[in-house]
Amino acid sequence: MQFAQSGTSAARRIIGVTLGIMTEPVKLPDDKEPVLRVMPMPADANHTGDIFGGWIMSQVDIAGAVLAGRHARGRVATIAVNAFQFKQPVQIGDLLSFYAEIVRVGNTSITVNVEVYAQRNPEEVEIVKVTEATLTYVATDKERRPRKVPPLPAAGARGNPA
Ligand SMILES: CC(C)(COP(=O)(O)OP(=O)(O)OC[C@H]1O[C@@H](n2cnc3c(N)ncnc32)[C@H](O)[C@@H]1OP(=O)(O)O)[C@@H](O)C(=O)NCCC(=O)NCCS
């Protein structure tokens, strides 16, 4: 889903670029589908009105696990959060899209990069990249022991395996 840029925001961008104070507007990735979309509610906010980092982390963990679980064809457990960056605050009512990509597959582990974009202000839609993280999951069997996973898919097929 992509929102058209309104006349006002286009004009603002032209002025901003002319003055050298703005970069190109952020767009949602058009070559892949989000594995998760969710809108945070007031109960997910902290006392300053922004969304709790812990809430965002749990959603990122879910998004990464969706892709890792698809690839592993079964249960996975998060073993590590390798990197996590809150790039911009998330606001109540932002529509968050989580894009996940497998970046490494080992014997039993799958490492996933997750990028999160917020769409806000429906009257004049703005897209902001709010979070980026890398997490590692381990495929587990019924006894919760690590089990072997299929090899890394070819480049270009890593975003959303069926
Ligand atoms: C996941 C679990 C079953 C793995 O068991 P383990 O005996 O620790 O596993 P191993 O040491 O054999 O490592 C398994 C894989 O994880 C990788 N791994 C281990 N520690 C890691 C780390 N800190 N960062 C990235 N990868 C790591 C290993 O390299 C190995 O990958 P490979 O098989 O692809 O080479 C176990 O650690 C566990 O149950 N942890 C708790 C999981 C959990 O509760 N998560 C939160 C809720 S989902």
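The following exercises, each with a worked solution, concern a predicted model.

**Exercise 1. The sheet**

Determine the order in which the strands form the open sheet, and whether the pairing is parallel or antiparallel.

Solution.
- Step 1. Five strands are arranged in the order E1-E3-E4-E5-E2, and the pairing is antiparallel.
- Step 2. The edges of this open sheet are E1 and E2, each of which pairs on one side only.
- Step 3. On average, and with direction ignored, neighbouring strands are turned by 25° against each other.

**Exercise 2. Strand E4 and its partners**

State over how many bridges E4 pairs with E5 and over how many E3 pairs with E4, and identify residues that stand opposite one another in these pairs.

Solution.
- Step 1. Strand E4 comprises residues 109-120, and its antiparallel pairing with E5 extends over 12 bridges.
- Step 2. Valine 112 is found opposite leucine 135 of E5, and tyrosine 117 has lysine 129 of E5 as its bridge partner.
- Step 3. The antiparallel pairing of E3 with E4 extends over 10 bridges. Here leucine 95 lies opposite glutamine 119 of E4.
- Step 4. The connection from E3 to E4 is a hairpin of 3 residues, whereas the hairpin of E4 and E5 has 5 residues between the strands.

**Exercise 3. Enclosure of E4**

Explain why E4 is described as largely enclosed by the rest of the structure.

Solution.
- Step 1. The criterion for a buried residue is that 20 or more other C-beta atoms lie within 10 Å of its own.
- Step 2. Of the 12 residues of E4, 9 are buried; E4 is therefore largely enclosed by the rest of the structure.
- Step 3. Helix H2, residues 53-72, lies across E1, E2, E3, E4 and E5, and runs at about 130° to E4.

**Exercise 4. Positive phi and exposure in the loops**

For arginine 73 and asparagine 121, give the value of phi and the location in the chain, and classify each residue as exposed or partly exposed.

Solution.
- Step 1. Arginine 73 belongs to the loop between H2 and E2. Its phi is near 55°, a positive value in a residue other than glycine.
- Step 2. Within 10 Å, arginine 73 has 11 other C-beta atoms; because the limit for an exposed residue is 12 or fewer, arginine 73 is exposed.
- Step 3. Asparagine 121 occupies the loop between E4 and E5. Although asparagine 121 is not a glycine, its phi is positive, at about 60°.
- Step 4. Asparagine 121 has 15 other C-beta atoms within 10 Å, so it is partly exposed.

**Exercise 5. Glutamate 33**

Locate glutamate 33, decide whether it is buried or exposed, and give the separation of its C-alpha atom from that of alanine 100.

Solution.
- Step 1. Glutamate 33 is placed in the loop between helix H1 (7-19) and strand E1 (36-38).
- Step 2. Glutamate 33 is exposed because it has 12 other C-beta atoms within 10 Å, and 12 or fewer is the criterion.
- Step 3. Along the chain, glutamate 33 and alanine 100 are 67 residues apart, while their C-alpha atoms are separated by 8.8 Å.

**Exercise 6. The shell around the ligand**

Identify which strand gives the most residues to the shell around the ligand, and describe how the shell divides into nonpolar, polar and charged residues.

Solution.
- Step 1. There are 13 residues around the ligand, and those that come nearest are Ala80, Gly106, Asn107, Thr108 and Ser109.
- Step 2. At least two residues of the shell are supplied by each of E2 (76-86) and E5 (126-139). The most come from E2, which gives 4 residues.
- Step 3. By class, the shell contains 5 nonpolar, 7 polar and 1 charged.

Note on methods. Residues are numbered from 1 along each chain as its sequence is written. This is a predicted model: local features need pLDDT of at least 70, side-chain atom pairs count only at pLDDT 80 or more; totals for chains, interfaces and linings use all residues. A residue is near a molecule or strand if its C-beta atom, placed from the backbone, lies within 6 Å of it. Ala, Val, Leu, Ile, Met, Phe, Trp, Tyr, Cys and Pro count as nonpolar, Asp, Glu, Lys and Arg as charged, and the others, Gly among them, as polar. Two strands pair if DSSP finds at least two bridges between them. Axes are lines fitted to C-alpha atoms, for helices over the stretch in contact, and angles run from 0 to 180 degrees between N-to-C directions. Two residues are in contact if their C-beta atoms, placed from the backbone, lie within 7 Å.
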